[in-house]
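Visitor: Please take a close look at one metal site in this model, and then follow the connections outward from there. I would like the cut-offs stated as you go.

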There are 6 protein chains.
Amino acid sequence: EPETRLRKSGPGIVTGLAWTPNGGEVLFVESVAIPGSKGFILTGQLGDVMKESARTALSFAQSRSKTLGIPPEFFSKNEIHIHVPGGAIPKDGPSAGITMTTAILSLATGIPVPSTVAMTGEISLSGRVLPVGGIKEKLIGAREAGITTIYLPAKNLKDTVELPDEVKRDLAIHPVETMDELIRVFFASAMKEAPKGRGVTKGSRSSGKG
Amino acid sequence: EPETRLRKSGPGIVTGLAWTPNGGEVLFVESVAIPGSKGFILTGQLGDVMKESARTALSFAQSRSKTLGIPPEFFSKNEIHIHVPGGAIPKDGPSAGITMTTAILSLATGIPVPSTVAMTGEISLSGRVLPVGGIKEKLIGAREAGITTIYLPAKNLKDTVELPDEVKRDLAIHPVETMDELIRVFFASAMKEAPKGRGVTKGSRSSGKG
Amino acid sequence: EPETRLRKSGPGIVTGLAWTPNGGEVLFVESVAIPGSKGFILTGQLGDVMKESARTALSFAQSRSKTLGIPPEFFSKNEIHIHVPGGAIPKDGPSAGITMTTAILSLATGIPVPSTVAMTGEISLSGRVLPVGGIKEKLIGAREAGITTIYLPAKNLKDTVELPDEVKRDLAIHPVETMDELIRVFFASAMKEAPKGRGVTKGSRSSGKG
Amino acid sequence: EPETRLRKSGPGIVTGLAWTPNGGEVLFVESVAIPGSKGFILTGQLGDVMKESARTALSFAQSRSKTLGIPPEFFSKNEIHIHVPGGAIPKDGPSAGITMTTAILSLATGIPVPSTVAMTGEISLSGRVLPVGGIKEKLIGAREAGITTIYLPAKNLKDTVELPDEVKRDLAIHPVETMDELIRVFFASAMKEAPKGRGVTKGSRSSGKG
Amino acid sequence: EPETRLRKSGPGIVTGLAWTPNGGEVLFVESVAIPGSKGFILTGQLGDVMKESARTALSFAQSRSKTLGIPPEFFSKNEIHIHVPGGAIPKDGPSAGITMTTAILSLATGIPVPSTVAMTGEISLSGRVLPVGGIKEKLIGAREAGITTIYLPAKNLKDTVELPDEVKRDLAIHPVETMDELIRVFFASAMKEAPKGRGVTKGSRSSGKG
Amino acid sequence: EPETRLRKSGPGIVTGLAWTPNGGEVLFVESVAIPGSKGFILTGQLGDVMKESARTALSFAQSRSKTLGIPPEFFSKNEIHIHVPGGAIPKDGPSAGITMTTAILSLATGIPVPSTVAMTGEISLSGRVLPVGGIKEKLIGAREAGITTIYLPAKNLKDTVELPDEVKRDLAIHPVETMDELIRVFFASAMKEAPKGRGVTKGSRSSGKG
Ligand SMILES: [Ca+2]
Ligand SMILES: [Ca+2]
Ligand SMILES: [Ca+2]
Ligand SMILES: [Ca+2]
Ligand SMILES: [Ca+2]
Ligand SMILES: [Ca+2]
Ligand SMILES: [Ca+2]
Ligand SMILES: [Ca+2]
Ligand SMILES: [Ca+2]
Ligand SMILES: [Ca+2]
Ligand SMILES: [Ca+2]
Ligand SMILES: [Ca+2]
């Protein structure tokens with residue numbers, strides 16, 4: 001039974017990828033909006049770097065509110081709670097940045113992200129997608145967990161060259177340079193104007209061949 | 001004299017299960033709502049993981065307010081205090097997640113949970129019930145304490161196969177995959193619409209035979 | 001000169017019992033209400049467990065406001081300051097729980113507790129009175145300090161069997177299972193309805209004979 | 001040149017006594033009221049016990065507001081700043097409790113305390129004055145610094161028996177059991193009714209003879 | 001591909017310079033304004049000195065609001081978030097002070113700073129630009145990253161004497177004594193009056209010859 | 001080039017003196033007022049004693065608001081930011097107390113303090129100026145930096161006896177006992193009434209002869 005079947009569906013939940021000593025694993029980023037204005041809640045034994053990454057994700061998401069038609073009250077009258085199960089496993093690093101950003105935007109727009117999609121990549125506050133480690137293991141683990149579509153930093157494309165053949169075959173791998181590209185993929189329907197220019201569209205840029 | 005006799009009745013109190021070096025024990029999660037808006041109070045020498053688990057329980061409970069007819073003011077004008085006696089014994093881990101969630105919902109709906117029921121399981125923010133450790137010891141301890149009905153994570157069902165015969169005989173064991181299943185069991189009367197679909201109903205899914 | 005003569009009289013002051021390496025001692029819990037809404041003040045070098053015990057005492061006391069006719073403003077417009085002299089002596093443990101709860105209720109109702117009364121016992125958030133240690137030493141110390149009436153957890157009654165004869169003779173020992181029993185003893189005059197049922201009444205249940 | 005000449009005069013400044021490895025010393029407690037409502041400011045490298053002592057002093061002072069005609073706004077619209085020079089010398093212990101209480105009341109009533117007076121004693125929240133250490137050294141140091149009048153805990157009177165003759169001769173020593181006695185000595189003019197009963201009056205109870 | 005191509009354009013982003021054991025590197029300071037009034041957000045694993053430097057940058061920027069026509073609400077109704085990628089790399093020191101100040105002013109005025117410009121220098125609260133270390137390595141790294149224009153503290157001009165010829169050739173190096181000089185360079189168009197006096201103007205003070 | 005030339009002019013900036021293992025140095029205390037009411041900002045790697053000293057300086061300055069015609073809003077609607085460059089150098093001790101107090105008062109009154117003046121001295125909350133260490137080194141360093149006028153604690157006058165002749169010759173040294181004397185020197189023009197009595201006036205009390 002593939003692990004992704006365990007994920008719940010609905011806005012606010014996005015699948016990321018983690019490197020562990022036992023191989024790559026999928027990791028679920030869950031978010032909810034709680035009425036209130038006290039701050040920002042992070043749970044799941046997140047380390048300092050990952051907490052800052054979540055904070056950066058939230059600020060970036062807020063900076064795109066207007067573009068995506070998210071009412072300002074969404075962020076001012078709610079506290080965003082991000083949880084990364086399992087609750088007892090320490091986690092750290094910046095590589096869930098784009099996953100957390102996407103989860104917050106999914107929550108804020110009400111648009112779910114398919115459970116067969118996984119992503120990994122550091123986000124900068126201006127929305128650049130920066131390279132991360134453990135790509136090979138993460139993609140092998142993603143396939144085992146039933147994932148079919150991957151988004152990763154363009155600078156990590158080189159790390160996909162030596163993937164096992166069955167991983168290359170089963171995963172559609174999309175490199176991205178900016179978070180705005182991901183926004184156009186998943187949240188175009190929320191954008192005030194239709195996306196234009198060099199947007200990544202679903203399935204259009206498989207780079208599995210390296 | 002069975003230990004459950006010691007538990008007080010009434011909304012906000014739910015029995016959990018703890019693994020200790022001396023065997024499984026029941027553990028009472030107590031909650032009250034105090035007028036105020038300063039936050040969330042946790043006592044009982046809870047460790048970091050258990051505190052985050054309580055925080056996740058609270059956010060999940062808030063996310064189900066509407067479904068259960070809980071007025072928004074319940075959470076915005078009260079502080080929720082969760083206490084796990086005894087006050088001097090350090091406790092940690094995510095396994096009281098569904099117990100704390102159920103206690104908060106019992107408090108918020110005013111619907112008590114029977115004192116012969118005990119439960120164990122990690123909760124995720126989206127309401128998945130994740131597997132925990134020490135199931136065998138916890139269930140032996142639950143029976144000794146006078147418990148007759150157990151709710152545990154579906155993924156832990158395999159751990160009930162080798163239970164002593166008298167434990168299998170005396171306990172009705174209900175596996176759950178989501179917190180929403182538990183909500184339908186205990187708080188259906190608070191739901192705006194009658195529960196439907198594949199809800200777990202009391203006694204209907206004894207898995208004591210493994 | 002018995003030590004209890006040193007205690008001041010008036011609402012908000014209740015005598016507890018402490019175990020020390022040099023034997024049992026009385027300990028005075030003092031409380032005042034300060035106009036303000038910033039929180040809860042604890043002084044007297046209290047350790048973490050005792051601080052949580054005080055927090056539990058406060059929440060329990062607030063949960064009984066209505067029953068005792070305490071106006072909601074008492075807790076929302078005052079800060080409760082609890083001090084346990086001497087200021088330089090570290091103190092810890094949950095055993096002053098019922099003493100602190102009684103002190104807060106005495107303060108809130110304006111009803112003093114006699115200076116010849118002492119008490120010891122952990123309180124749970126739902127008002128159960130849980131057993132504590134050092135009963136024998138505490139009761140010997142209480143008698144030396146001029147105490148004549150003791151309230152302790154029902155589960156500690158067994159610890160009073162081997163008390164010296166003069167202690168059994170001089171102390172009226174009352175076991176209690178719940179904080180509500182103590183409320184009926186000391187604060188019945190504040191209750192909206194007369195207390196009924198199996199309430200402990202002063203002097204009626206001396207268990208000095210063990 | 002006696003050290004007390006260095007103290008400034010005016011409301012809010014009271015002389016205490018400190019034990020140091022080099023003998024007893026006078027110590028000046030200075031206080032000012034700053035418009036604001038954020039809290040309570042303590043400076044002078046005060047240790048935890050001394051900070052709690054200051055907090056107890058403040059709460060006690062507030063509890064006597066009505067008696068002394070101090071308007072409630074004095075405490076709700078000001079922050080009280082207490083400083084104990086020198087700023088680089090760590091200080092701790094509860095023995096400046098009555099000095100800090102007297103300084104706050106002097107500040108709040110606008111009534112100065114004579115610079116030839118010094119005091120030492122722990123304060124409890126209910127206003128008991130508890131015994132402290134180092135009395136002999138403190139009184140020798142007080143005399144050297146030009147102090148002529150001492151207030152100390154009644155329970156410390158025994159420590160004055162073996163004082164050098166010139167100290168007994170030069171100091172008027174007043175034992176006090178409660179802070180309310182000190183209030184009657186220094187702030188009687190602020191009290192709504194004239195003080196009555198067994199109040200200590202200046203010079204009336206010299207216990208220099210032991 | 002020069003690294004500066006990776007930087008995003010737009011207000012709030014300015015390129016700084018870092019010394020690392022592997023040589024000088026460009027470092028991007030990114031800033032956004034988030035509606036809110038809770039404070040100031042810093043991410044990117046910044047050490048204590050760098051956090052204070054950011055705080056000083058913010059206060060200085062606020063002190064120049066009037067001059068630059070920045071409405072007071074910009075700072076009172078927004079939280080400024082400053083992020084320095086990469087998120088997992090610890091960074092410290094005061095040398096990004098003028099870079100962070102310029103980033104905040106770029107954000108507040110809406111005027112972008114060219115991506116071919118880099119700067120390094122400590123800022124004082126009054127706007128002095130103080131010397132920093134690692135100038136030689138930073139400038140070599142800047143050139144490698146595609147930078148063409150450098151601003152540095154006047155007191156660091158002596159450190160540019162022994163730069164390799166190609167660095168001197170490719171970089172226009174501008175010494176500055178105060179932050180106000182930099183303001184005149186980049187934000188003159190926002191100033192209420194035209195800049196006058198000895199302002200540094202773009203390209204006018206190349207000190208590449210040492 | 002004398003170091004004082006580097007200091008900026010204008011209200012809020014005052015020159016202090018620091019002892020370092022390499023000799024005495026001038027140190028610039030810079031302050032600005034930022035709209036807001038959240039508190040008090042200190043930067044420059046200040047240690048605990050120096051932070052408390054700054055806090056004492058602020059409270060003292062506030063206590064003199066009325067005398068100096070500073071509107072109450074200046075302190076209630078602004079946050080005072082005090083910075084002591086260089087940002088990476090740890091600093092501690094109480095000896096910049098009068099320098100920080102003077103800087104705050106200069107900022108609040110809008111009256112600058114000449115850049116040829118330097119001062120050193122601990123301040124108490126009531127405005128006494130207490131003696132500090134390192135006077136000889138500090139004054140030698142002050143002269144080297146171009147300072148011509150020094151204010152120091154009266155109790156430190158004895159430390160100026162053995163100064164090198166050229167230091168005695170080049171520096172006008174003014175002893176002060178209270179901060180109010182310094183206020184009369186620098187801020188007399190802001191005082192509601194003309195200063196009277198034994199005020200120190202500029203140049204009138206040179207103690208360079210020891
Ligand atoms: Ca796997
Ligand atoms: Ca990831
Ligand atoms: Ca058991
Ligand atoms: Ca459990
Ligand atoms: Ca005793
Ligand atoms: Ca007790
Ligand atoms: Ca002395
Ligand atoms: Ca004292
Ligand atoms: Ca490089
Ligand atoms: Ca830099
Ligand atoms: Ca020098
Ligand atoms: Ca100084």
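Guide: The calcium ion (ligand 6) is coordinated by C:L17 through N and O and by C:S95 through O, at 3.1 Å. Donors here are N, O and S atoms within 2.8 Å of the metal, or 3.2 Å for Na, K and Ca; water is not among the atoms, so sites may look incomplete. C:L17 belongs to strand 1 (residues 13-20) of chain C, while C:S95 sits in the loop between strand 4 (78-83) and helix 3 (97-109) of chain C, so the pair ties together parts that are 78 residues apart in sequence. Helices (H or I, at least four residues) and strands (E, at least two) are DSSP runs, numbered from the N terminus. C:L17 and C:S95 are both buried, where buried means under 20% relative accessible area, exposed over 50%, and partly exposed in between (1.4 Å probe, protein chains only).

This is a predicted model, in which local features need pLDDT of at least 70, side-chain atom pairs count only at pLDDT 80 or more, and totals for chains, interfaces and linings use all residues. Residues are numbered from 1 along each chain as its sequence is written, chains are lettered from A and ligands numbered from 1 in the order in which they are written, and side-chain values use heavy atoms, with hydrogens and water left out.

Strand 4 of chain C also holds C:H83. At 3% relative accessibility, C:H83 counts as buried. Its side chain makes a polar contact with the side chain of C:T43, at 2.7 Å. A polar contact is a pair of N or O atoms within 3.5 Å; within protein, one must be able to donate a hydrogen and the other to accept it, and residues adjacent in sequence count only if both atoms are side-chain atoms. Leaving aside neighbours within four places in sequence, C:H83 is in contact (heavy atoms within 4.5 Å) with C:F28, C:V29, C:E30, C:T43 and C:G44, and also with D:T56, D:I123, D:S124 and D:L125 of chain D.

A calcium site is also found in chain E. For the calcium ion (ligand 10), the protein donors are E:L17 (N), E:L17 (O) and E:S95 (O), lying 3.1 Å from it. E:L17 lies in strand 1 (residues 13-20) of chain E and E:S95 in the loop between strand 4 (78-83) and helix 3 (97-109), so this pair too ties together parts that are 78 residues apart in sequence. Both E:L17 and E:S95 are buried.

Chain E also meets chain F. In that interface, 23 residues of chain F are in contact with 23 residues of chain E. The area buried between them is about 1,700 Å², with carbon and sulfur atoms giving 57%; buried area is the accessible area (1.4 Å probe) that two parts lose on being put together, summed over both. The rule finds 1 salt bridge across this interface, a salt bridge being a side-chain nitrogen of Lys or Arg within 4 Å of a carboxyl oxygen of Asp or Glu. F:E30 forms a salt bridge with E:R128, with the closest N and O atoms 3.8 Å apart. There are 8 residue pairs in polar contact between chain F and chain E, both residues at pLDDT 80 or more. On the side of chain F that touches chain E, strand 2 (23-35), strand 3 (40-43) and strand 4 (78-83) of chain F each supply at least two residues. Strand 2 gives the most, with 6 residues. By class, that side of chain F has 11 nonpolar, 8 polar and 4 charged residues. Ala, Val, Leu, Ile, Met, Phe, Trp, Tyr, Cys and Pro count as nonpolar, Asp, Glu, Lys and Arg as charged, and the others, Gly among them, as polar.

Chain B and chain A can be read in the same terms. The contact takes 23 residues from each of chain B and chain A. In chain B, B:E52, B:L125 and B:R128 lose the most area to chain A, together 36% of what that side buries. B:R128 meets A:E30 in a salt bridge between side chains (3.8 Å, N to O). Helix 1 (48-63) and strand 6 (122-123) of chain B are the elements that give two or more residues to the side touching chain A. Helix 1 gives the most, with 7 residues. The residues of that side of chain B divide into 5 nonpolar, 9 polar and 9 charged.
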